[in-house]
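Colleague: I am new to this structure. Please take one part of it and go through that part closely, explaining the terms as they come up.

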Amino acid sequence: GAVFVSGCTSADTEAARATIRAQPVRLQVVVIVPASMNMIRDDDAAEAFGQTVRTSLHENGFKGRIHLVDDGQQPAAGLPVLEVNLTEWRVDTLGNVTCTFGATLRTPQGTKGLGLFTGGSLMTWLRRDWIARADSFQDAAHDAVSNLADKIQQTGLLPKVPPSGSTI
């Protein structure tokens, strides 16, 4: 019989996640989804898009813990909030997936509109299952979020991240 041995990746990933969870929240993300997204439940779309925003921000250099605020909950007072207003995340008649959202950063130091962000990808209709097709939606969202981290940093409204190992 075959023996499968998993490497350290899952333990390393869990250790990295535990380290991130131990950090104080640096940014809260609130996703607002239009009622017109009736193909999937609004909260599912908001959570899926929120996860993509969090992942993309980290991949694009954002440092620190990001907390997704669940629908119906209020963001914690005194902590920066990135409000993302998702206006479009759909496939057009040509098979292009488009993702468009506006973003506003609200901090105790001030509020700044970050603008409108758009991304796209090509739907891979040859993929027969919805999970595989979801990759096309993720690609469009990552494309739209790609320069959001820079825009957030440029505002100067977020406090700097303390160096690793610092107790500040």
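Modeller: What follows is a close look at the sheet, after a short overview.

This is a predicted model, in which local features need pLDDT of at least 70 and side-chain atom pairs count only at pLDDT 80 or more, while totals for chains, interfaces and linings use all residues. Residues are numbered from 1 along each chain as its sequence is written, and side-chain values use heavy atoms, with hydrogens and water left out.

The protein has four helices and five strands. Helices (H or I, at least four residues) and strands (E, at least two) are DSSP runs, numbered from the N terminus. Read from that end, the order of elements is α-β-α-β-β-β-β-α-α. Of the 168 residues, 33% count as buried; buried means under 20% relative accessible area, exposed means over 50%, and partly exposed is in between, with a 1.4 Å probe and protein chains only.

Now the sheet. Its five strands form an open sheet with mixed pairing, in the order β2-β1-β3-β4-β5. Two strands are said to pair if DSSP finds at least two bridges between them. Strands of a sheet pair through backbone hydrogen bonds, either parallel or antiparallel. The edge strands here are β2 and β5 (110-122), each of which pairs on one side only. From one strand to the next, the twist averages 25 degrees. For angles, axes are lines fitted to C-alpha atoms, for helices over the stretch in contact, and the values run from 0 to 180 degrees between N-to-C directions.

Start at the β2 edge. Strand β1 (residues 25-32) pairs with β2 in the parallel sense, over four bridges. Within that pair, Leu-27 stands opposite Ile-66 of β2. Strand β2 covers residues 65-68, and its two faces differ: Ile-66 and Leu-68 are on the covered face, Arg-65 and His-67 on the uncovered one.

Next to Leu-27 in sequence is Gln-28, which also lies in strand β1. Gln-28 counts as buried, because its relative accessibility is 3%. Not counting residues up to four places away in sequence, Gln-28 touches His-67, Val-69, Pro-75, Ala-76, Leu-79, Pro-80, Val-81 and Leu-82. A contact here means heavy atoms within 4.5 Å.

Further along the sheet, strand β3 (residues 81-91) and strand β4 (residues 96-107) run antiparallel and are joined by ten bridges. One bridge partnership is that of Glu-88 with Thr-100 in β4. Helix α4 (residues 148-155) packs on the sheet, touching β1, β3, β4 and β5, and its direction makes about 170 degrees with that of β5.

Strands β3 and β4 are also linked by charged side chains. The structure holds two salt bridges, a salt bridge being a side-chain nitrogen of Lys or Arg within 4 Å of a carboxyl oxygen of Asp or Glu. In one of them, Arg-106 is paired with Glu-83, and their closest N and O atoms are 3.3 Å apart. Arg-106 lies in β4 and Glu-83 in β3, so this pair ties together parts 23 residues apart in sequence. Arg-106 is partly exposed, with a relative accessible area of 35%, and Glu-83 is partly exposed as well, at 24%. The other salt bridge is between Arg-90 and Glu-88, with closest N and O atoms 2.8 Å apart. Arg-90 is partly exposed, with a relative accessible area of 44%.

The sheet also contributes to the nonpolar interior. A nonpolar core is a set of buried Ala, Val, Leu, Ile, Met, Phe, Trp, Tyr and Cys residues joined through side-chain atoms within 4.5 Å. The largest such core has 34 residues, and those with the most contacts inside it are Phe-49, Leu-57, Leu-82, Phe-101, Leu-148 and Ile-152. The elements giving two or more residues to this core are β1, α2 (42-59), β2, β3, β4, β5, α3 (130-145) and α4. Leaving out residues up to four places away in sequence, the contacts of Leu-82 include Leu-27, Gln-28, Val-53, Leu-57, Ala-103, Leu-114, Leu-148 and Ile-152.

Helix α2 holds Ser-56, which is buried at 1% relative accessibility. Beyond its neighbours within four places in sequence, Ser-56 is in contact with His-142 and Val-145. Over the protein, 62% of contacts between residues at least 6 apart in sequence join residues at least 24 apart.
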